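Biologist: Thanks for sitting down with me. Could you walk me through this one, starting with the strands and then moving on to the rings and the hollow spaces?

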Amino acid sequence: MHPGFLLSRAAGALVIVCGAGAAHAQVNVTLSPAQPAVGRGDNVLVSVTLTNTSNTVQHLLRWRTPQQVLEAPLFEVQRDGQPVRYLGRRIKRAAPGPADYLQLAPGAALTHTVELSRFYEMTITGNYTIRYRSPAMPSPGTTVGAVVGELASNPVTIWIDGRLPRGSRTTILPEAAAPATGFANCSNAQQEHLVTAIDAGRAMAADSQTYLTSGAPYGARYAMWFGAQDAARGAKVVANVTAIKDAFENKPLKIDCDCDEPYFAYVYPARPYTVWVCKAFWAAAATGTDSRGGTLLHELSHFDMVAATDDHVYGQAAAAEMARSAPQRAINNADSYEYFGENTPRQATAAKTAGE
């Protein structure tokens, strides 16, 4: 019998520890795997059920409950006794308010199935022990009723026949092994649009570098987005634009379409060179202000290995004002590089008139 089958039938329930204002609150957590062993390339599915066993309504933070897309490391995972890394999002949020809580009525249950291999490093063969654990996060001064504290389940074990052999230390491939351009979770139609967007962003970066190395880089176009002439700041802009152009042309860019958020796109700066594109991206044109091509340029600038830009401000009006009032911040602002590359409204004629 496969070793995974011997251990993986355990599924437990554990009464949570409640917040200070809910001394008698009880929510049971049951965790169960969809199957005790999974083959290479199969999804790792677990079902989490939260049941209110008390006689009062309980309030749970939405982002601390299981969802299809995890927004926090809600599971403790070990492979053969060693911790497994969480690879999902870590999000800065404001302090939670009443709208951030779910109400769980007495006797009610909330069940979600989560595919874990998207969010945890699970490509190495082995026995994986999984436990749902969500720490207590009550909001001080919240007006909601009984607030649930820590959520925890008993562990379950799943045997995973992974892509890498048992005992491997890492699942991260060397950069050179990645394709020049790759797509994940993207339909054929989306890939066609993305090829056009990548070409547009690459052309913007090349045009930006040509402008900056033309011998007279401090014309109207530069001033619009990076402010008054300054040799040190100008050199930084040139270096950043050169790095962005190099990322388009020589790095293993990957676009992931698995995002249903309202914004344009996002990246993890320490994880080059993957860009997640979201709803606003698909509503944009290939070129022009806040375009698909410009969005990719914006996101590539964020990578620590490229330009390590920040998001000081968003939008053309705010970026132009920052160039006038705080050019030292403008040269580190991602939107400033995007608008410089998109060049709409076009500044080339005005720049030559200014003596370029």
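**Strands, rings and spaces**

Modeller: Gladly! Both faces of strand β16 (residues 274-277) are covered, with T274 and W276 buried on one side and V275 and V277 buried on the other. Please keep in mind that this is a predicted model.

Biologist: Why do those residues fall on two sides, and which ones share a side with each other in β16?

Modeller: In a regular strand the side chains alternate between the two faces of the sheet. In β16, one side holds T274 and W276, and the other holds V275 and V277.

Biologist: Which residue of β16 is the bridge partner of I255?

Modeller: Strand β14 (residues 253-256) runs parallel to β16, and three bridges join the two. Within β16, I255 has as its bridge partner V275.

Biologist: And which residue of β16 is the bridge partner of Y266?

Modeller: Here the pairing is antiparallel, with two bridges between strand β15 (residues 265-266) and β16. The partner of Y266 in β16 is W276.

Biologist: Let's turn to the aromatic pairs. How many are there, and what is the angle between the planes of Y222 and F226?

Modeller: The count comes to 15 aromatic pairs. Y222 and F226 form a tilted one, with 5.5 Å from centre to centre and an angle between the planes of 50°.

Biologist: How far apart along helix α3 are Y222 and F226, in helical turns?

Modeller: Both Y222 and F226 are buried. They are four residues apart in helix α3 (residues 220-226), so their separation is about one helical turn.

Biologist: Is the pair of Y266 and W276 stacked or edge-to-face?

Modeller: The centres of Y266 and W276 are 5.3 Å apart, and their planes differ by 5°. Planes under 30 degrees apart are the cut-off for this class. The pair formed by Y266 and W276 is therefore stacked.

Biologist: How many residues separate Y266 and W276, and are they buried or exposed?

Modeller: Both Y266 and W276 are buried. Y266 belongs to strand β15 and W276 to strand β16, and the pair links distant parts of the chain, with a separation of 10 residues.

Biologist: Over the ring of which residue does the charged end of R221 sit at 4.6 Å from the centre?

Modeller: Y211, Y218, Y222, F226, Y337 and F340 form one aromatic cluster. R221 lies over the face of Y211, 5.0 Å from the ring centre. At 4.6 Å, the ring under the charged end of R221 is that of F340.

Biologist: Now for the spaces. Which element gives the most residues to the lining of the second largest pocket?

Modeller: This pocket holds about 640 Å³ of space, and 22 residues line it, with A265, Y266, E299, D311 and Y314 nearest its centre. The elements giving two or more residues to this lining are β15, α6 (292-302) and α9 (334-342). With four residues, the one that gives the most is α6.

Biologist: How many residues in the lining of that second largest pocket are charged?

Modeller: The lining of the second largest pocket has 10 nonpolar residues and four polar ones. The charged residues there number eight.

Biologist: And how many charged residues line the second largest cavity?

Modeller: There are two cavities of 30 Å³ or more, and the second largest has about 40 Å³ of space. Its lining consists of A205, S208, V241, I244, L297 and Y337, with α2 (188-212) and α4 (231-250) each supplying at least two residues. Five of the lining residues are nonpolar and one is polar, while the number of charged residues is zero: no charged.

Definitions and conventions
Residues numbered from 1 in each chain as written. Predicted model: local features only at pLDDT ≥ 70, side-chain atom pairs only at ≥ 80, totals over all residues. Heavy atoms only, no water. Buried < 20%, exposed > 50% of the residue type's maximum accessible area, 1.4 Å probe, protein only. Pairing = 2+ DSSP bridges. Phe/Tyr/Trp six-rings, centres within 6.5 Å; stacked < 30°, edge-to-face > 60°. Lys NZ or Arg CZ within 6 Å of the ring centre and 35° of its normal. 1 Å grid on protein atoms, 1.4 Å probe; cavity = no way out; pocket = protein on both sides within 12 Å on 5 of 7 lines; lining within 4 Å. Points joined across faces, edges and corners; volume = space filled by probe spheres on them. Nonpolar A, V, L, I, M, F, W, Y, C, P; charged D, E, K, R; others polar.
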